Each structure stands twice: as structure tokens, then as C-alpha cells.
Amino acid sequence: MLAVALLAGGCSTAPGIDTLATGSIGHRTPTPEPAPKGIAPDDWAAARTALAEALHDKDAAPSVPWENYASATRGTVTPLGETSDGGKCREFLMSFVHETREDWLQGEACRAGKNGWKVDQARLLDRG
């Protein structure tokens, strides 16, 4: 009986779960960039994270969804392909879906060394 009590009690003194992430896949935090004109900074941060994921693979990936719960804005990021500079830059299209409207942003991101991708050009498309 004493042995069973000691074994059961041993679990309560075990160390906590190790939450340190290890392995070969690291979390990539995009380089902070100012939001393009007409895009809320918090929405840009959420979309920018999806952009980093979408551009991770060399080949054009399918659209990557994103959402900013705080502003009730969501959308997708779609890589469109490489530019004519030998693969250093890639074009993309982002959607920003709000309650009453939808905006589209077209841009170009270029490799920024170990920091991932830097958005060099981005503009909201006209609704015309």
C-alpha cells in the first residue's frame, strides 16, 4: 500500500511540461514594415505573417488565409510568381475582407537574407 502511495505521489512532483520549441522548423517573424496606405497596421501584421508563409516555398503556393479577430478582418495571400530578376523577388495579391467591403492589395516582396522577405512595393487596387 505504501509503495502504491509513493508511486502515485511521484507524479505530482514530476517537473512541468517543457514548452521550449526545438527542431529544424523555426518560427519566422516577418521584419516589421509600415502598413501600406489604406491598410490598418494590425491587419497588415496578420496578413504579413501569411505572406511569409505563402512565399516560404520557391514554387507558387496556393493561397494562405489570415484573420485579425480584433478588427473582424480576414483575407488571403496568393503568391503570383517570380519577377524577372532571377528569383530574388515575387509578386503577390492580398485580400482584405471587412464587414461591408473588400480591398485588394498587389505587391512585390524581395528576399531579405536570413530575415525572410521585405515588401518593396504594395498598392491598393482601384475598385473602378
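Here is a short chat about a predicted model.

Visitor: Which residues of strand 1 point to the buried face?
Guide: In a regular strand the side chains alternate between the two faces of the sheet. Strand 1 covers residues 64–68, and Pro-65 and Glu-67 point to a face where they are not buried. The residues that point to the other face and are buried are Val-64, Trp-66 and Asn-68.

Visitor: What is the bridge partner of Glu-67 in strand 2?
Guide: Strand 2 spans residues 73–82 and pairs with strand 1 in the antiparallel sense, over five bridges. Four residues lie between the strands in this hairpin, and Ala-72 takes a positive phi near 55° there. The partner of Glu-67 is Arg-74.

Visitor: How many Å apart are the end C-alpha atoms of helix 2?
Guide: Helix 2 has 14 residues, 41–54, and at 1.5 Å a residue it should span 20 Å. The model agrees with that, as the end C-alpha atoms are apart by 20 Å.

Visitor: Which strands help cover the buried residues of helix 2?
Guide: Among the buried residues of helix 2 are Trp-44, Ala-47 and Leu-51. What covers the buried residues of this helix includes strand 1, strand 2, strand 3, strand 4 and strand 5.

Visitor: Is Asp-103, which meets Arg-101 in a salt bridge, buried or exposed?
Guide: The side chains of Arg-101 and Asp-103 meet at 3.0 Å, N to O. Arg-101 is partly exposed, with a relative accessible area of 38%. Buried means under 20%, and Asp-103 has 10% relative accessibility, so Asp-103 counts as buried.

Conventions
Residues are numbered from 1 along each chain as its sequence is written. This is a predicted model: local features need pLDDT of at least 70, side-chain atom pairs count only at pLDDT 80 or more; totals for chains, interfaces and linings use all residues. Side-chain values use heavy atoms; hydrogens and water are left out. Buried means under 20% relative accessible area, exposed over 50%, partly exposed in between (1.4 Å probe, protein chains only). Helices (H or I, at least four residues) and strands (E, at least two) are DSSP runs, numbered from the N terminus. Two strands pair if DSSP finds at least two bridges between them. The expected span of a helix is 1.5 Å times one less than its number of residues. Contact means heavy atoms within 4.5 Å. A salt bridge is a side-chain nitrogen of Lys or Arg within 4 Å of a carboxyl oxygen of Asp or Glu.
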